[in-house]
Structure formats: C-alpha cells, structure tokens
Amino acid sequence: MTMRIAIAGAGNVGRSIAQELIENGHQVMLIERQPRMLLPERVPQADWVLADACELSSLEEADVAGCDVVVAATGDDKVNLVVSLLAKTEFAVPRVVARVNRAENEWLFTDQWGVDVSVSKPRVMAALVEEAVTVGDLVRLMTFRQGQANLVEITLPPTAPYVGHPVREVPLPRDAALVAILRGKRVLVPTPDDPLEAGDELIFVCTAEMEDEVRAVVLGESGSGGRSRPDR
C-alpha cells in the first residue's frame with residue numbers, strides 16, 4: 001500500500017527516512033523551517049516544503065490532514081512533541097512517529113502528546129548492542145503503541161528446551177507471537193513445522209506483561225509461568 005507521509009525536519013535523519021520510504025514506494029513530503037536546510041537535490045523525489053511544522057497554518061497549507069503518517073524527526077524534542085500533538089489532535093493523522101533525542105525526555109512521548117510510536121536513539125543503540133552479544137536472554141528491541149506491545153529477541157543457546165523441535169510445540173502464552181526467525185543470513189517466516197536450531201534469533205511481538213513468560217517458555221526457566229523441558 002502506498003502511503004502519503006510527512007516528515008518534519010530535513011536534517012540527516014529526516015532525509016534518510018525519506019529516502020528509505022521513497023525507495024519502498026511511498027509519497028514523502030519533507031517540511032523544513034530553516035532555508036539553509038532546504039536541499040531538494042539531496043532527495044529529489046520528495047516534495048519539499050519551507051515551513052514551520054509547529055505552526056497550524058503551515059500544516060494546513062501542506063495538507064497534513066491527507067497524510068497517512070507524520071514523522072516528527074527534528075533534533076529538538078520540544079518541536080517533535082508539538083508536531084506530534086498537532087498532527088494527531090488537529091489533523092487526525094492515523095499514525096504519528098516521533099524521534100526522541102534525549103533519553104531523559106522519553107517519558108513525555110506518549111499518546112497524550114499524540115505519539116503512537118517513539119524512537120529513542122540511545123535505547124535503539126543499546127538494544128542493538130545487547131542483541132549483538134546476548135545469547136540466552138530476552139532483549140527488547142522496540143516498543144509499539146506506548147508500551148502496549150514490544151518487539152523482543154531471544155538467541156537460542158544449545159541448551160534451550162525446544163532446540164530441534166518444531167515451532168508448533170512451543171507453548172507460547174497469549175498475547176505473544178513468533179514473527180521471524182533469523183538464521184545466519186536468512187530471514188524465515190516461521191511455520192508450525194519449522195524446527196528450531198541453536199543460534200536461531202527468534203523475534204517476537206508480545207505485551208510487556210508476557211515478556212517474562214516468553215523468556216521462561218523459550219529458555220526453559222523455572223518460575224514466571226515457565227514450562228518444563230520437553231522430552232526428546
């Protein structure tokens with residue numbers, strides 16, 4: 001589905017997001033208030049608008065109401081919060097994604113400010129570091145819908161109870177779904193008959209309340225609602 005997406009902030013982050021979305025077939029509008037940052041030759045396929053995204057009239061002229069997604073991608077958290085709030089409350093944009101620049105401000109980026117998904121660079125970088133070096137534990141990669149669901153990863157150690165067993169035998173709790181298996185350079189969409197292997201990176205979407213139970217089931221830990229190791 002082709003979406004119309006407005007990005008507030010045409011710095012390196014905003015332009016990179018725009019280029020990626022355009023390559024995926026979407027229509028992108030970049031809104032930038034500083035003339036020196038208006039560089040349409042950097043992303044020529046995008047629509048460029050010189051305007052202040054914190055101004056209601058500017059957003060009206062840019063027809064933000066007709067967008068499927070607004071991305072607040074400036075380097076100023078205050079600006080990103082205002083853009084998110086206006087996009088959601090004044091223009092009823094279905095999906096608002098906001099960049100968090102300073103970790104101490106992350107708690108502000110909630111649905112009360114119109115934010116559906118916040119992306120914190122420090123948190124993402126920390127998660128990527130953990131994901132790269134952690135085996136046998138759950139790593140939270142990303143949070144969706146303000147904590148209602150998380151994207152988490154577990155790298156299976158050889159001792160995990162369901163290594164060698166098909167996916168259908170893993171008794172996942174409610175509100176948890178296995179969405180991908182990363183095996184070497186391959187990305188597998190799991191089917192019930194796919195066997196799990198040591199070293200597999202399992203990607204789950206689950207609620208925060210179910211994280212401990214997912215960990216317990218997949219790693220065979222006692223407590224937290226975990227299941228016992230299956231017979232081989």
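Biologist: Hi! Let's start with helix H5: which of its residues are buried?
Modeller: The buried ones are Glu211, Val214, Arg215, Ala216, Val217, Val218 and Leu219. Keep in mind that this is a predicted model.

Biologist: OK, and how much of H5 is covered overall?
Modeller: The helix runs over residues 211-219 and is mostly covered, with seven of its nine residues buried.

Biologist: What covers those buried residues?
Modeller: Several strands play a part, including S7 (138-144), S8, S9 and S11.

Biologist: And what comes right after H5?
Modeller: Gly220 follows the helix, and its phi is positive, near 75°.

Biologist: Let's switch to the inside of the protein. How many residues are in the largest nonpolar core?
Modeller: There are 24 residues in it. Those with the most contacts inside this core are Ile31, Leu59, Val64, Val70, Val83 and Val93.

Biologist: Which elements give two or more residues to that core?
Modeller: Four strands and one helix do: S1 (4-8), S2 (27-32), S4 (69-72), S5 (95-100) and helix H3 (77-89).

Biologist: Which one gives the most?
Modeller: That's H3, with five residues in this core.

Biologist: You listed Val83 a moment ago. What does Val83 touch?
Modeller: Leaving out residues up to four places away in sequence, Val83 touches Ala8, Ala53, Cys54, Val70 and Ala72. Val70 is also on that list of residues with the most contacts inside the core.

Biologist: What else lies apart from that core?
Modeller: Another core does, of 22 residues, and among them are Leu138, Ile154, Tyr162 and Val214. You've met Val214 already, as one of the buried residues of H5.

Biologist: Why would nonpolar residues group like that?
Modeller: In soluble globular proteins, nonpolar side chains tend to be buried together.

Biologist: Any empty space in there? How many cavities of 30 Å³ or more are there?
Modeller: The count is two. The largest has a volume of about 50 Å³.

Biologist: Which residues line the largest one?
Modeller: The lining is made of Leu156, Tyr162, Val170, Leu172, Leu178, Leu196, Leu202, Phe204 and Val218. Tyr162 belongs to the 22-residue core as well, and Val218 is a buried residue of H5.

Biologist: New topic: charges. How many salt bridges are there?
Modeller: The count comes to eight. One of them joins the side chains of Asp193 and Arg168, at 2.4 Å from N to O. That pair links distant parts of the chain, 25 residues apart. Asp193 is in the loop between S10 (186-188) and S11 (201-206), while Arg168 is in the loop between S8 (149-155) and S9 (176-183).

Biologist: Are Asp193 and Arg168 buried or exposed?
Modeller: Asp193 counts as exposed, at 56% relative accessibility. Arg168 counts as exposed too, at 54%.

Biologist: What does Arg183 pair with?
Modeller: Arg183 forms a salt bridge with Glu197, and their closest N and O atoms are 3.6 Å apart. Arg183 lies in strand S9 and Glu197 in the loop between S10 and S11, so the bridge ties together parts that are 14 residues apart in sequence.

Biologist: Is Arg183 buried or exposed, then?
Modeller: Arg183 is buried, because its relative accessible area is 17% and the limit for buried is under 20%. Glu197 is partly exposed, at 37%.

Biologist: Which residues are linked with Arg183 in a network?
Modeller: Arg183, Glu197 and Asp200 are linked in a network of salt bridges.

Biologist: Back to backbone angles. What's the phi of Asp63?
Modeller: Asp63 has a positive phi of about 55°, although it isn't a glycine. Asp63 sits in the loop between helix H2 (56-61) and S4, and is partly exposed, at 41%.

Biologist: And where is Ala92?
Modeller: Ala92 is in the loop between H3 and S5. Ala92 isn't a glycine, yet has a positive phi of about 50°, and is exposed, at 57%.

Biologist: Last one: what's the mean pLDDT?
Modeller: The mean is 87, and 88% of the residues reach 70 or more. Over residues 223-232, though, pLDDT stays under 50. Where pLDDT is low, the predicted coordinates should not be read in detail.

Terms used: Residues are numbered from 1 along each chain as its sequence is written. This is a predicted model: local features need pLDDT of at least 70, side-chain atom pairs count only at pLDDT 80 or more; totals for chains, interfaces and linings use all residues. Side-chain values use heavy atoms; hydrogens and water are left out. A nonpolar core is a set of buried Ala, Val, Leu, Ile, Met, Phe, Trp, Tyr and Cys residues joined through side-chain atoms within 4.5 Å. Buried means under 20% relative accessible area, exposed over 50%, partly exposed in between (1.4 Å probe, protein chains only). Contact means heavy atoms within 4.5 Å. A salt bridge is a side-chain nitrogen of Lys or Arg within 4 Å of a carboxyl oxygen of Asp or Glu. pLDDT is the predictor's confidence in each residue, from 0 to 100. On a 1 Å grid over the protein atoms alone, a cavity is a set of points where a 1.4 Å probe fits but cannot get out, and a pocket is an open set with protein on both sides within 12 Å along at least five of seven lines; lining residues have an atom within 4 Å of a point. Grid points are joined across faces, edges and corners, and a volume is the space filled by probe spheres set on the points.
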